[in-house]
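Biologist: Before we go through this structure together, could you set out the terms you rely on as we reach them? I would like to work from contacts to the fold and then to the local backbone.

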Number of protein chains: 2
Amino acid sequence: MFEEGGRLKAIYGADKVYDFTLGNPTDEPPQAFRQALQEIATHPVPGMHRYMSNAGYAETRGAIAEVLREDSGEDVQADHVIMTVGAGGGLNVIFKALLDPEDEVIISAPFFVEYKFYITNHGGTPVVVQSREDFQLDLEAIGAAITEKTKAIIINSPNNPTGVVYSGKSLDQLHQLVEEKSAQYGRTIYVVSDEPYAKIVYDQVKVPPVLGHIRNSIVVTSHSKDLALPGERIGYIAVSPRIDQVALLVDGLVFCNRILGFVNAPALMQRLVAGIQRESVDIQAYQEKRDLLYNHLTSIGFEMVKPEGAFYLFPKSPLEKDIDFVEAAQKHNILVVPGSGFGQPGYFRIAYCVDKAMIERSLPAFTALAKELGLPK
Amino acid sequence: MFEEGGRLKAIYGADKVYDFTLGNPTDEPPQAFRQALQEIATHPVPGMHRYMSNAGYAETRGAIAEVLREDSGEDVQADHVIMTVGAGGGLNVIFKALLDPEDEVIISAPFFVEYKFYITNHGGTPVVVQSREDFQLDLEAIGAAITEKTKAIIINSPNNPTGVVYSGKSLDQLHQLVEEKSAQYGRTIYVVSDEPYAKIVYDQVKVPPVLGHIRNSIVVTSHSKDLALPGERIGYIAVSPRIDQVALLVDGLVFCNRILGFVNAPALMQRLVAGIQRESVDIQAYQEKRDLLYNHLTSIGFEMVKPEGAFYLFPKSPLEKDIDFVEAAQKHNILVVPGSGFGQPGYFRIAYCVDKAMIERSLPAFTALAKELGLPK
């Protein structure tokens, strides 16, 4: 997608192409991050680039545990946190540690497509269930998909690509389901909560803390979005302290972090994020971008669930085939991703982690596109 | 090993424990690195923490290609280089891309023990052959181990744990062997050259460029040792431009870098190492440490091959079982790693990437240990 965007920009000029394909924020990291970087660069700490324990610095893990403790009310300690090479790295570590051959992992569509690789990389089998029409979890469908081979269920809230936030009630129901099914099959089923967008929520919405709602939960996240550091590959895994034999699970995760070749999360970034766990990019600015696009697109006839978080819109495709729509949009220099890329044909994704000015410039192009397609229908 | 060292230091005092277990340099990165970090921190470049192409920044890859071109005489371009999360990350990417189920990878003992995981992680089978008594490659043994299932041969020079540097002649012979066997079995056998110690060589020794000597070679390395940045996880893969369908191989490597969750090498580190490819830590200081330990240990009766590179000594264990020797040494507060940890029982490894003062303080302890064990025999 990088390459296609670059190609069109070379032809039409950068300001005439509206690239909404990538979850690669144009935001800069918060000022507190930049100050911390400047401080450590001008006053380096001896040994700050060396290996540390494969789980990461105790200070960083402690700072994260403190925030998780406050937010979830659970007894999360530094030993429950493992620093990772982003959430993508963390998910690979989790599935390497959890999965035996033929184990199944349940995913709710639409979903971040790499999940399938993260599972099959380590011998597992992805099992996709459809989420509800409002993109909330369909607990009945998940329950029906659980078998004696199910090892884990991935959830992702705020969701990529829909922006939907799962309610505390649905997490409680998922907890209940997992407890029952774990008892029925005599083995633990884990809920793996991928939540890099947890801080990016709007309209006073709060993301319910998964560690507080689900006993057998493993949280994985990164600072790619909330601190706008995607290229730096800094994230973490936090395991629920209520998991049986939790220390053994942590040992397995740390071991897998090492043997998969991550070894440890980048040292300098670990140090920098330790002190800014309550910081984030400007969420209000994202909300303005969401509103700008959501209001315009719905006013010209596009249909979509109003997202409560993340920086994505996931409208219905006005054409039957989402690929056809993406091609039609491209003729207006609008670049979006087809829903089939997220296991959900008939929709398309807009990533609005872009400059507001580009969004504003894109609105007439969307209007022309809607007109061409005969919207509103 | 981190934990055991810490435990003894807590009991006896940090200056009374001689910890030679870890390849975790106490050196700081070169001044040029620190200056580059300070410069970028005080004058940040917009977008410098964002995702880039999964292969890494074109500028960094170009700078590395230029150095490889000069050193090997081969036509290495930026497109032949993929930035990785250290060499450990790079090796996982390589084996994920290369291996089909049941494929075999040949390793020469003694070897870095994680190689076995890196191979089995991706469905491969490690096949260990013994190197010669002087720890040079045993080409006859390697030839005998090649079967129709062999996909790759790992070499590691300067070697961990022996410090041995493979000669240009032996690389030429390996090239010849691989060409013959590839033709015989009708499939490419790759030589994967893990070379993080390539710049750490002594006595005017030069490491022969593998890309120049072996057509089907893939180099993987990191700046963990030569720039003393192990915690930052910055390395790269460079493929021989002479490999058939080299572009397809590169595509596969870049794809695997993404789906294994590395996504890209840490952005800031990529930027920093681009301009300092000819820099390194103080090699003369390492040579002095090697000489200090090698001269003392041989003078009191230990036997070993004199290493030409890396920062390891690999002496014979004076006791039949290397584990017994390691325990005997521990009673003198000397911490070393048994050779069985490298697939070579009957030896032990000393990592001398430590402060010179600690080496000097350790010499009487080694003398007392040698006396206790009745050396010289």
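Modeller: A salt bridge is counted where a side-chain nitrogen of Lys or Arg lies within 4 Å of a carboxyl oxygen of Asp or Glu. Please keep in mind throughout that this is a predicted model.

Biologist: Which residue forms a salt bridge with R278(A), and how many residues apart in sequence are the parts that the pair ties together?

Modeller: The partner of R278(A) is D71(A), and the closest N and O atoms of the two are 3.0 Å apart, which is inside the limit of 4 Å. R278(A) belongs to the loop between α10 and α11 (283-299) of chain A, whereas D71(A) sits in helix α3 (residues 58-72) of chain A, so the salt bridge ties together parts whose separation in sequence is 207 residues.

Biologist: How many salt bridges does the rule find across the interface of chain A and chain B?

Modeller: Over all chains, the structure holds 40 salt bridges. One that joins the two chains is formed by the side chains of R258(A) and E114(B), at 2.5 Å from N to O. Across the interface of chain A and chain B, the number found is two.

Biologist: What area do chain A and chain B bury between them?

Modeller: The contact involves 53 residues of chain A and 53 residues of chain B. Of the area buried between the two chains, 52% is on carbon and sulfur atoms. The total comes to about 4,200 Å².

Biologist: Which three residues supply more than any other three of the area that chain A buries against chain B?

Modeller: Their joint share is 17% of the area that chain A buries against chain B. The three residues are H49(A), R50(A) and Y51(A).

Biologist: Which helix gives the largest share of the side of chain A that touches chain B?

Modeller: Across this interface there are 36 residue pairs in polar contact. Several helices of chain A supply at least two residues each to the side that touches chain B, among them α1 (2-12), α4 (86-98) and α9 (246-259). The residues of that side divide into 27 nonpolar, 16 polar and ten charged. The largest share, six residues, comes from α2(A).

Biologist: Turning to the fold, which strands of chain A stand at the edges of the sheet?

Modeller: Chain A has an open sheet of seven strands with mixed pairing, in the order β2-β8-β7-β6-β5-β3-β4. Each edge strand has a single partner strand, so one side of each is left without a neighbour in the sheet; these strands are β2 (81-84) and β4 (125-130) of chain A.

Biologist: Within that sheet, what is the bridge partner of A152(A) in β6(A)?

Modeller: Strand β5 (residues 150-155) of chain A pairs with strand β6 (residues 190-194) of chain A in the parallel sense, over four bridges. In β6(A), the residue bridged to A152(A) is Y190(A).

Biologist: And in chain B, which residue of β6(B) is the bridge partner of I155(B)?

Modeller: In chain B, an open sheet of seven strands has the order β2-β8-β7-β6-β5-β3-β4. Its strands β5 (residues 150-155) and β6 (residues 190-194) run parallel and are joined by four bridges. The partner of I155(B) in β6(B) is S193(B).

Biologist: Where in chain B is P158(B), which a cis peptide bond joins to S157(B)?

Modeller: Most peptide bonds are trans. The bond between S157(B) and P158(B) is cis, with omega about -5°, and another cis bond joins N160(B) and P161(B), with omega about 20°. P161(B) is placed in the loop between β5 and α7 of chain B. The place of P158(B) is the loop between β5 and α7 (168-185) of chain B.

Biologist: Is the phi of N333(A) positive or negative?

Modeller: Most residues other than glycine have a negative phi. N333(A) lies in the loop between α12 (322-330) and β10 (334-335) of chain A. Its phi is near 60°, and the sign is therefore, against what is general, positive.

Terms used
Residues are numbered from 1 along each chain as its sequence is written. Chains are lettered from A and ligands numbered from 1 in the order in which they are written. This is a predicted model: local features need pLDDT of at least 70, side-chain atom pairs count only at pLDDT 80 or more; totals for chains, interfaces and linings use all residues. Side-chain values use heavy atoms; hydrogens and water are left out. Contact means heavy atoms within 4.5 Å. Buried area is the accessible area (1.4 Å probe) that two parts lose on being put together, summed over both. A polar contact is a pair of N or O atoms within 3.5 Å; within protein, one must be able to donate a hydrogen and the other to accept it, and residues adjacent in sequence count only if both atoms are side-chain atoms. Ala, Val, Leu, Ile, Met, Phe, Trp, Tyr, Cys and Pro count as nonpolar, Asp, Glu, Lys and Arg as charged, and the others, Gly among them, as polar. Two strands pair if DSSP finds at least two bridges between them.
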